[in-house]
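Me: I should like to work through this structure by question and answer. Please reason briefly each time and finish on the value or name requested.

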Number of protein chains: 2
Amino acid sequence: MGKVLLDMTMSLDGFIADRNGSVQSLYPDLSELRKTETLRESMSTTGAVVMGRHGYDMAGDYTGYEYQGPIFVVTHHVPEKVAKGENERLKFTFVTDGVKSAIEKAKAAAGDKDVTVIGGADVARQCIRAGLLDEIQIHLMPLLLGEGLRLFDDLGAEQIDLERIKVLESTTTTDIRFRVVKE
Amino acid sequence: MGKVLLDMTMSLDGFIADRNGSVQSLYPDLSELRKTETLRESMSTTGAVVMGRHGYDMAGDYTGYEYQGPIFVVTHHVPEKVAKGENERLKFTFVTDGVKSAIEKAKAAAGDKDVTVIGGADVARQCIRAGLLDEIQIHLMPLLLGEGLRLFDDLGAEQIDLERIKVLESTTTTDIRFRVVKE
């Protein structure tokens, strides 16, 4: 059984998008990112991806992505058009009955591999609040955005202990992986 | 001329105190902390400390602290009593004309050594907004507090670029040091 991993790029002040919703300053060099050890490792261990509808809509086309496998999109409304960039290996499933259901479906699809949750903030927070995550990997971008969309917000008053598993100094980001300590 | 360094312990979700104002969960083992390489290095390079009034009031007594040198406390009101735990080497100066003035006084006192700003949040934010910092060191605690006092908040819309200088895996925290990129 694989793990459920949240994998997010975040500024030092906790934002995953700027105040205009753009993620450009968090990914200044996408070609560099794709060469990183952390990303290569993620690719080889990910069996299914869970994401929010906003992320799905934002991405222009998925054919150029390194990851080619099942993607579960949490949404209230299934798009009428055929999913973008779908092919034999890259399959989209639109899940309308919540994050927990999406994680369950993704787990079944991933088999022994991991389920990687790549946001957005709303899906990530729901996963944290529902205790669905086994690990959290943060790519910490050396940047103070000042304003924007926070990753860790509205989590409630319950403290969640983590255990640092791994630290990797990528070209720009500092990639820190944590295990979620469960009682 | 030394540097001006902000040095803070922060949970992964960005808090430097819990919702009751307590920092206990961020410093679970103070005796361990005092043995860390990062703290030892800070002690040897710090020539003056800048802190807020809340931090001064919270600390019971300063005689037991490793750091023994000038401390500049940013406050609106100078306490009537003699400063706590003062001795020949540990001297308190209460600065009532703002953070910038406190940094200037601390720089003069520090000489070739660094000025270390140890908070609280308000002093830290004022330093960031006024462009007074040369470096930021974050001791990232593997913990989601959920609620509390945020370090990086109300910073305004201006993006501040950082450059990672050093990463150190301490016993519990991950200590990341950044240079503030100035134009």
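**Sheets, helices and the two-chain contact**

Reply: In this predicted model, an open sheet of nine strands runs in the order E5(A)-E4(A)-E3(A)-E6(A)-E1(A)-E7(A)-E11(A)-E10(A)-E8(B), with mixed pairing.

Me: Which are the edge strands of that sheet?
Reply: An edge strand here pairs on one side only. The order of the sheet begins with E5(A) and finishes with E8(B). The edge strands are therefore strand E5 (91-95) of chain A and strand E8 (143-144) of chain B.

Me: In what sense do strand E1 and strand E6 of chain A pair, and which residue in E6(A) stands opposite A:Leu5?
Reply: Strand E1 (residues 4-11) and strand E6 (residues 114-117) of chain A are joined by three bridges, and their sense is parallel. Within this pair, the residue in E6(A) opposite A:Leu5 is A:Thr116.

Me: What angle does the direction of helix H4 of chain A make with that of E3(A)?
Reply: Helix H4 (residues 99-110) of chain A packs on the sheet. It touches E1, strand E3 (46-52), strand E4 (70-74), E5 and E6 of chain A. Relative to the direction of E3(A), that of the helix makes an angle of about 160 degrees.

Me: Which strand of chain B does helix H5 of chain A touch?
Reply: Helix H5 (residues 121-129) of chain A also packs on the sheet, its direction making about 115 degrees with that of E3(A). From chain A it touches E1, E3, E4 and E6. From chain B, the strand touched is E8.

Me: Which strands stand at the edges of the sheet that has the order E8(A)-E10(B)-E11(B)-E7(B)-E1(B)-E6(B)-E3(B)-E4(B)-E5(B)?
Reply: This open sheet has nine strands and mixed pairing. Each edge strand has a single partner strand, so one side of each is left without a neighbour in the sheet. The strands in question are E8 of chain A and strand E5 (91-95) of chain B.

Me: Which residue in E10(B) is the bridge partner of A:Leu144?
Reply: E8(A) and strand E10 (residues 160-169) of chain B pair in the antiparallel sense over two bridges. The partner of A:Leu144 in E10(B) is B:Ile160.

Me: Over how many bridges do E10(B) and strand E11 of chain B pair?
Reply: In E11(B), B:Ile176 is the bridge partner of B:Val167. The sense of the pairing between E10(B) and strand E11 (residues 174-180) of chain B is antiparallel, and the number of bridges is seven.

Me: Which residues of helix H5 of chain B are buried?
Reply: H5(B) lies across E1, E3, E4 and E6 of chain B, at about 115 degrees to E3(B). Just after this helix, B:Gly131 has a positive phi of about 65 degrees. Within residues 121-129, the buried residues are B:Ala121, B:Val123, B:Ala124, B:Arg125, B:Cys127 and B:Ile128.

Me: Which element gives the largest share of the side of chain A that touches chain B?
Reply: The contact takes 29 residues from chain A and 28 residues from chain B. On the side of chain A, strand E8 (143-144), strand E10 (160-169) and strand E11 (174-180) each give two or more residues. The largest share, seven residues, comes from E10(A).

Me: How are the two copies related?
Reply: A turn of 180 degrees and a shift of 0.0 Å along the axis lay chain A on chain B with an RMSD of 0.0 Å. The relation is thus as by a two-fold rotation axis.

Me: Why do the copies meet through the same surface?
Reply: The comparison concerns the interface residues of chain A that are also interface residues in chain B. The copies meet through the same surface because this share is 97%.

Me: Is A:Val23 buried, exposed or partly exposed?
Reply: A:Val23 lies in the loop between strand E2 (15-17) and helix H1 (30-33) of chain A. A residue needs 20 or more C-beta neighbours within 10 Å to be buried, and 12 or fewer to be exposed. With 17 such neighbours, A:Val23 counts as partly exposed.

Me: What is the radius of gyration of chain A?
Reply: Chain A has five helices and eleven strands. The globule rule gives 16 Å for 183 residues, and chain A is close to that, so it is as compact as a globular protein of that length. Its radius of gyration is 16 Å.

Technical notes
Residues are numbered from 1 along each chain as its sequence is written. Chains are lettered from A and ligands numbered from 1 in the order in which they are written. This is a predicted model: local features need pLDDT of at least 70, side-chain atom pairs count only at pLDDT 80 or more; totals for chains, interfaces and linings use all residues. Helices (H or I, at least four residues) and strands (E, at least two) are DSSP runs, numbered from the N terminus. The radius of gyration is taken over C-alpha atoms; the globule rule is 2.2 Å times the number of residues to the power 0.38. Two residues are in contact if their C-beta atoms, placed from the backbone, lie within 7 Å. Copies are superposed by least squares on the C-alpha atoms of residues with pLDDT of at least 70 in both. Axes are lines fitted to C-alpha atoms, for helices over the stretch in contact, and angles run from 0 to 180 degrees between N-to-C directions.
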